[in-house]
Amino acid sequence: MSLNEALEQQNSELASERMENVENDLLSNFNMVRDHAEKLSFFIENNPESKQSELKSFVELNLLPKDLSSFFNAVNNDFINGYIIAPGDSPLVIPKDDTQTSFQLNDLDKSTEYYLDLTKRNPGEVVVQGPIISPRTHEINVYNRKAIYVDGKYWGYIGVIVDFYKLLDCMKLNAEDSMFIYSIKSPIYKADRDFIWGDSSLFNHKNVVYRQRTIVFGKQHWDFALKVKNVGKPALLGNKIYFVLFILYLFTLALSYYLVKVYSDLKKAQEIDPITATIGHDNFLAYVKSRIRGSSDHGIVVLELIHFNQINSCYDFKVGDALLCEVTKRIKSVISYNDVVCRIGSEFIIFMKNIRSNIDVDRVQAELYDEMEKSFNVANVCINLKVVIGSSSTISKGRDYYEIMNEISESILETKRSMKFYSRESDLNH
């Protein structure tokens, strides 16, 4: 057997073992969720006339984790965010944290209606729905419901709310670690696209360093994929000395390149937008193109101010410039501190670095819309601004900058066509 074949076999065994561990962790955590649902349903079946205060008291005393007992018992169920008690399908939400006011239950959503019907038709099981992103709070939750029947009659349902990202933290699962890259795909009932966390490209390949498996629990299934990292010459040779020397050589080259680049960047840093102090377009373009060629995933969001020239015409350029500065402040209040903003006329381009999934881009887009809907008070003038926002990412369109921008342009154009105040075709280009 050659060294390459031996390495491939070793990676295959590592991938299989890791896949087994992840599946066992997920099912173990779901068993904890199911255990909580069983305890709550058992109490209700034996006390069907309980008042809301009594049901709430039972949850707080028996299900909500106590910090001290969790410490001594080493039980980690921090991913449970709260509970739902719904007699007659009227939900009462009991959050784990008193500071949480509510959860987005989507009671009128067709998807939720489907899962509620599925719950009623499977009274002995805990039915899973999710992960679901809340359009109001931008949290990602997994809802676990169980139907309650008393004396053969439907009483209502109960639910256990799980925070998806906290669940991953409890499983010590990140999008990638020192050995593996991961991805989870979950079908959304009658939706345009699946929920995907991690590296979506893992679902496009199958070989010895990739593993895919469907994990079924609670009438729901998640497709899980992983890839083994660190497949290269150092691993093939197994020679640590050569590997260290090779790394030192690369470090020396990188340091030399970095020192030259720092000098160049210091000169380029002077090229900024004089009104908003955002990065100049040429520097922004070069920066983005260099970043998206790497291994991390990034997002791009474009925000266009509608009929901005009318503001300069109705007032003056001083008001227009002040408005541009206020828009920039609101954008920076939404995005991460290390994201980059560029302005071209009445258009702002935002480069989001190192996103985990398309959910991160969708969240920023939604929050930008919320910020821009608020009135702007600049230079003693109150302005209600209209904007169009489009977004894409390397996850959706790959690593070609122009393909990403073409998708965003088409999205913005489609949004403009749906706006009533765009009466002429020529308006679509402004």
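Trainee: Which residue in β2 is the bridge partner of G82?
Mentor: In β2, that partner is P95. This is a predicted model, where local features need pLDDT of at least 70, side-chain atom pairs count only at pLDDT 80 or more, and totals for chains, interfaces and linings use all residues. Residues are numbered from 1 along each chain as its sequence is written, and side-chain values use heavy atoms, without hydrogens or water.

Trainee: What makes β1 and β2 a pair?
Mentor: Two strands (DSSP runs of E, at least two residues, numbered from the N terminus) pair if DSSP finds at least two bridges between them. Strand β1, residues 80–87, shares 4 bridges with β2, so the two count as paired. Their sense is antiparallel.

Trainee: Why are β2 and β3 called edge strands?
Mentor: Follow the order β2-β1-β5-β4-β3 through this open sheet of 5 strands, with antiparallel pairing. β2 (92–95) and β3 (127–133) each pair on one side only, which makes them the edges.

Trainee: On to helix α2, then. Which of its residues are buried?
Mentor: In α2 (residues 52–62; a helix is a DSSP run of H or I, at least four residues), L55, F58 and V59 are buried (under 20% relative accessible area, 1.4 Å probe, protein chains only).

Trainee: How do you know that they sit on the same side of α2?
Mentor: Their arc, taken from the directions from the helix axis to the C-beta atoms, spans only 95°, which puts them on the same side of α2.

Trainee: And which residues are exposed on the other side?
Mentor: There, S53 and L61 are exposed, meaning over 50%, with partly exposed in between.
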